Every structure is written in structure tokens, then in C-alpha cells.
Amino acid sequence: MSLAERLVSDELWELFRRVVPPTEVVRPQGGGRRRAGDREVLTAIVFVATSGCTWRQLPPVFGPCWQTVYRRFAQWSGDRVWARLHRVVLDELGARGELDWSRCAIDSVSVRATKGGFLTAPNPTDRGKLGSKIHLVTDRNGLPMSIGISGANLHDSQGLQPLVCGIPPIRSRRGPRRRRPDKLHGDKGYDYDHLRRWLRGRGITPRIARKGVESSERLGRHRWVVERTVSWLAGCRRLHRRYERKPEHFLAFAGIAAMLVCYRRLDT
């Protein structure tokens with residue numbers, strides 16, 4: 001199997017074709033270079049996300065030049081292609097019964113922002129250096145279902161409601177689409193009564209660690225899965241640091257990483 005096939009399989013390419021906007025190909029008069037194929041560009045983008053290389057370091061073996069790949073990445077990020085692709089993969093998992101809604105978990109991870117930009121802020125856990133946070137909700141198996149970004153100084157509790165509301169309606173093996181878990185597990189950063197009331201009002205049972213009651217040395221019987229997912233996301237080395245000034249581009253790489261984690265379960 002070639003490198004391109006390992007990065008973008010035939011099945012992933014078919015899923016991508018369902019969400020990418022159609023492009024009208026205009027042939028230049030008097031000849032000219034043909035438009036780079038979407039699959040070639042997608043493969044190059046996945047390589048950048050997983051390897052962590054810069055756009056300029058993109059190897060020429062992928063075909064299109066790095067400027068073309070970056071322009072297409074920016075265009076697709078603006079069209080929310082990555083969020084739609086993540087949802088399509090979640091739909092496939094839901095239809096196969098691979099998602100476990102009985103217990104979901106929520107957490108966040110901070111990364112340093114080397115170039116600044118919107119949605120960066122001094123990180124109180126990193127000597128005040130500029131950084132961003134990646135927030136995520138996973139199912140019981142650790143599959144990311146909702147993901148978002150913020151400045152590093154945003155308290156975790158402020159990300160709970162947007163993340164839960166951000167879970168899309170996902171197909172089920174039987175019955176209607178679903179978007180609410182039975183229970184939601186979180187650490188002490190989410191230990192607020194108004195969040196518990198809000199979750200119960202949506203039919204979700206809160207399972208949030210209480211300050212002064214549960215030891216900080218334990219991850220929790222059901223919360224550890226989201227910690228594992230954070231390490232899975234780190235497999236996309238582009239997320240080790242935030243190099244993008246534009247927040248939509250950083251969110252795009254986070255969405256690609258979440259999609260790839262879900263797709264690996266789909267591909268097994």
C-alpha cells in the first residue's frame with residue numbers, strides 16, 4: 001500500500017466527496033496547468049496534519065505545490081468541510097452501532113500558540129505564555145463527538161454548554177437520530193451547580209467530580225477515556241503547537257484529528 005493510500009483510503013475519499021463543495025473547472029485558453037485533483041490535495045493536507053510539517057516543507061511527491069494545498073485548505077476550512085466530514089464519519093459509526101451514548105466524558109487540553117492570533121491568551125499553567133485550548137466531548141469508547149477551541153485562559157466550565165450543544169444529531173442503528181448522552185462525566189473544573197442543573201434540564205445525568213471530595217490523583221473510573229483521546233489527538237503532530245494565526249485553521253486541524261480518530265474505528 002502506498003503512502004497516499006494509507007493517508008486517504010478509498011472509503012475515506014468517498015466520504016469526503018459527499019461533503020466537499022463542487023468545483024467548476026475552467027480550462028484556461030491556450031493551455032496552462034490543470035487544476036490539482038481534490039484527492040491529491042486532501043492527501044497532502046492529511047500529511048501536513050499528521051506529520052506536523054509546515055506548508056513549505058510539503059514534499060513534492062504529493063503533486064500539487066504547497067501554495068495550492070494551502071489555498072484549498074483555507075477554502076475548505078471556510079466552508080466547514082472538516083466539520084461536515086467528521087459528522088459523516090460519526091453518522092457511519094452510529095448506523096453501525098459503534099457509538100456508546102451511555103456515558104460521555106468532557107475535558108480540555110492546552111497547547112502553546114507560537115504566533116499569537118485570535119482565540120489565544122496567556123496560559124496560567126504555562127507561565128503566562130500565549131496558548132489555546134482544545135475542548136472535546138467523547139463517547140464511552142473515547143470517540144470524539146464534539147470539539148472546539150478557545151483561549152488558554154478560558155475556564156473549562158465555560159466550554160461545557162457549547163460543547164454539549166455542539167454534538168450533532170447522529171444516526172442510530174435503530175430509531176431517530178440522537179445528540180444527548182445518558183450521562184456526562186467531568187473533572188472538578190466543571191463542578192458547578194448551574195451546570196448540573198443545565199444538564200439535568202436536558203435529560204443528561206451529570207457525573208462531575210466534587211471539589212474536596214474526590215482525590216485529584218485519580219482520573220476516575222469513566223473519565224480516563226477522554227484523557228486517552230487527548231493522546232490520540234496528539235497523533236496529529238500539527239496540534240502539538242498552534243502555528244495558525246487564524247482560529248478557523250487551528251479548529252480545522254483539530255477537526256481533522258477528531259475525524260481521523262473516528263475513522264480508524266470505522267475502518268477496523
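Is Lys 133 buried or exposed? The points below take up this question and then turn to other parts of the model, which is a predicted one.

1. **Burial of Lys 133.** Lys 133 has a relative accessibility of 10%. Because buried means under 20% relative accessible area, Lys 133 counts as buried. Its place is in strand 3, which covers residues 130–138.

2. **Polar partners of Lys 133.** The side chain of Lys 133 makes a polar contact of 2.7 Å with the side chain of Asp 156. In addition, a polar atom of the Lys 133 side chain lies 2.9 Å from the backbone oxygen of Leu 154.

3. **Surroundings of Lys 133.** When neighbours within four places in sequence are left aside, Lys 133 is in contact with several residues, among them Ser 108, Val 109 and Ser 110. The list also includes Gly 148, Ile 149, Ser 150, Gly 151 and Ala 152, as well as Leu 154, His 155 and Asp 156.

4. **Tyr 190.** This residue is found in the loop between strand 5 (183–186) and helix 7 (193–201). Tyr 190 is buried, since its relative accessible area is 0%. Residues up to four places away in sequence not being counted, Tyr 190 touches Ile 106, Asp 107, Ser 108, Asp 156, Ser 157, Leu 160, Leu 195 and Ile 208. Asp 156 and Ser 108 thus appear again: Lys 133 is in contact with them, and Tyr 190 touches them. The C-alpha atoms of Tyr 190 and Asp 156 are separated by 6.5 Å, although the two residues are 34 residues apart along the chain.

5. **Arg 127.** The loop between strand 2 (121–122) and strand 3 holds Arg 127. Its relative accessibility is 72%, so Arg 127 counts as exposed. Arg 127 and Arg 80 are 47 residues apart along the chain, and their C-alpha atoms are separated by 34 Å.

6. **The chain as a whole.** The protein chain has nine helices and seven strands. Its radius of gyration is 20 Å, which agrees with the value near 18 Å that a compact globule of 268 residues would have. Along the principal axes, the C-alpha atoms fill a box of roughly 75 × 50 × 30 Å. Of the contacts with a separation of 6 or more, 67% join residues 24 or more positions apart.

7. **Surface and charge.** Buried residues make up 49% of the 268 residues. The protein chain exposes about 13800 Å², and carbon and sulfur atoms supply 48% of this area. There are 50 positive and 26 negative charges, and the mean positions of the two groups are 3 Å apart.

Note on methods. Residues are numbered from 1 along each chain as its sequence is written. This is a predicted model: local features need pLDDT of at least 70, side-chain atom pairs count only at pLDDT 80 or more; totals for chains, interfaces and linings use all residues. Side-chain values use heavy atoms; hydrogens and water are left out. Helices (H or I, at least four residues) and strands (E, at least two) are DSSP runs, numbered from the N terminus. Buried means under 20% relative accessible area, exposed over 50%, partly exposed in between (1.4 Å probe, protein chains only). A polar contact is a pair of N or O atoms within 3.5 Å; within protein, one must be able to donate a hydrogen and the other to accept it, and residues adjacent in sequence count only if both atoms are side-chain atoms. Contact means heavy atoms within 4.5 Å. The radius of gyration is taken over C-alpha atoms; the globule rule is 2.2 Å times the number of residues to the power 0.38. Accessible areas come from the Shrake-Rupley method with a 1.4 Å probe; for residues, only the protein chains shown count as cover. Lys and Arg count as positive and Asp and Glu as negative; His and the chain ends are not counted. The place of a charge is taken as NZ of Lys, CZ of Arg, CG of Asp or CD of Glu.
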